[in-house]
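Here are a few short exercises to work through with the model open in your viewer. Try each one yourself before reading the solution.

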Amino acid sequence: MILGAPGLDGKRVTALPKNGLTDFMQSIISEKQETKEPFYVLDLGVVTSLMDKWTLTLPMVRPFYAVKCNPEPALLGSLAALGSNFDCASQAEIESVISLGVSPDRIVYANPCKQESHIKYAASVGVNLTAFDSEEELEKIRKWHPKCALLLRIKALDDSGARCPLGPKYGALPEEVTPLLQAAQSARLNVVGVSFHIGSGATHALAYKGAIASAKSVFEAAVRLGMPRMKILNIGGGFTAGSQFDEAATAIKSALQAYFPNEPGLTIISEPGRFFAESASTLATNIIGKRVRGELREYWINDGIYGSMNCILYDHATITCTPLACNSNRANPTCKGVRTYSSTVFGPTCDALDTVLMGHQLPELQVSDWLVFPNMGAYTAAAGSSFNGFNTAAILTYLASSKYDLGECW
Ligand SMILES: *Cc1c(COP(=O)(O)O)cnc(C)c1O
């Protein structure tokens with residue numbers, strides 16, 4: 001079903017047997033990697049199984065994938081084919097989603113603070129749903145896109161459990177809600193619902209409950225002001241695949257029961273980024289240098305903090321890697337049972353900040369061996385630079401599709 005999706009246009013998707021990822025990476029390394037550039041493997045089987053998981057667990061919540069998390073066209077195209085909608089934050093993101101043939105009514109322009117020219121562009125292509133949290137934003141929308149339906153972004157009051165809280169930057173405070181609704185009313189703008197984001201990489205599932213309760217009070221405030229009934233509840237992102245997703249879903253379902261029981265005509269949407277992107281991508285990097293200092297092993301690889309591993313700084317990620325000793329240990333490339341050393345892994349740029357791992361246990365590896373980083377699909381290449389001439393955007397993505405049984409995977 002996703003083969004032939006836009007964004008995959010003519011690209012080869014390799015079917016993987018169970019646990020076949022390592023073999024696939026080795027075949028890429030031996031067949032295509034004379035220059036030993038880093039590369040990604042994006043497993044569309046994982047994306048498909050995550051969509052199945054979402055639909056089974058939260059069937060009442062329509063996902064709008066947050067493009068900023070990973071804008072790889074093959075990922076966007078696959079998600080579109082799987083029925084996802086999209087959360088875009090800029091003109092360029094809207095353009096890339098529309099260029100895949102996605103209809104503009106499947107896009108929420110969820111950025112609460114938009115450049116005027118981007119608002120004009122959204123109006124011109126028919127993206128008619130956006131968010132706001134200030135009177136100044138309302139004024140810009142009134143001027144350039146007065147027909148746009150609006151979501152009032154509120155601040156989630158408990159985002160303390162999130163890896164990247166968004167509350168310091170976005171979301172109306174409780175006392176700002178009524179004045180903002182009144183301002184929209186007098187500008188004759190159409191506020192259709194509420195959105196929030198409990199923070200990316202959220203760990204407190206109950207934060208959804210508090211935010212859904214706050215959203216309910218905004219719905220009530222609109223009724224008190226004599227506005228048309230609100231009809232969209234946007235519960236944002238913050239999801240991580242795995243057991244945390246089940247906890248979040250349980251909290252969300254019970255909060256919907258408590259605060260929005262039989263709300264007629266209510267559409268519930270969400271903006272998952274990390275959930276779909278993180279575990280689907282694996283990064284392979286080549287060891288380009290080595291130094292031995294006593295027991296310590298130090299390695300240089302050809303991607304780092306200014307590239308894919310910017311997630312350590314910006315996304316507060318904890319990353320890990322495994323060896324693929326394609327050069328020095330062909331008989332046992334994953335180095336099973338081999339003695340390990342405390343190792344440092346540096347990125348390629350000439351900045352000492354460009355340090356990827358310290359005190360990581362790795363076997364004795366040699367220049368030209370590889371290090372493999374799992375779970376590298378979220379907030380990685382998307383925010384990398386070309387500092388020092390190491391161009392993150394040039395890193396190739398190879399597409400694979402493993403067959404997962406939902407039961408086995410989770
Ligand atoms: C970043 C962002 C998302 C995605 O968040 P995740 O935690 O990756 O799911 C969703 N909505 C908005 C408005 C965002 O800024």
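Before we start, a definition: a helix axis here is a line fitted to C-alpha atoms over the stretch in contact, and angles between axes run from 0 to 180 degrees between N-to-C directions. Keep in mind that this is a predicted model.

**Exercise 1.** Work out how helices H8 and H9 are oriented to each other.

*Solution.* Start by locating the pair: H8 spans residues 206–224 and H9 spans residues 243–259. Next, take the geometry: their axes come within 8 Å and cross at roughly 25°. Now apply the cut-off, by which angles under 35 degrees count as roughly parallel. H8 and H9 are therefore roughly parallel to each other. Last, the handedness: H8 passes H9 in a right-handed crossing.

**Exercise 2.** Do the same for H2 and H9.

*Solution.* Helix H2 covers residues 44–57. The axes of H2 and H9 are 11 Å apart, and the packing angle is about 30°. So H2 and H9 are roughly parallel to each other too, and their crossing is right-handed.

**Exercise 3.** Describe the surroundings of the ligand.

*Solution.* First, the shell: 13 residues sit around the ligand, and Lys68, Ser200, Glu271, Gly273 and Tyr379 come nearest. Sorted by character, the shell has three nonpolar, five polar and five charged residues.

Then look at the ligand's oxygen atoms:

- The Ser200 side chain places an N or O atom 2.6 Å from a ligand oxygen.
- For the His197 side chain, the corresponding distance is 2.9 Å.
- Arg274 uses a backbone N or O atom, 2.9 Å from a ligand oxygen.

Finally, the cover: on its own the ligand has 390 Å² of accessible area, and the protein covers 92% of that.

How values were computed: Residues numbered from 1 in each chain as written. Predicted model: local features only at pLDDT ≥ 70, side-chain atom pairs only at ≥ 80, totals over all residues. Heavy atoms only, no water. Near = heavy atom within 4 Å. Polar contact = N/O pair within 3.5 Å; in protein donor to acceptor, adjacent residues only side chain to side chain. Areas by Shrake-Rupley, 256 points an atom, 1.4 Å probe, with all protein chains shown as cover. Nonpolar A, V, L, I, M, F, W, Y, C, P; charged D, E, K, R; others polar. Helix = DSSP H or I, 4+ residues; strand = E, 2+ residues; numbered from the N terminus. Parallel < 35°, antiparallel > 145°, perpendicular 65-115°, else oblique. Left-handed = near helix turned anticlockwise from the far one by under 90°.
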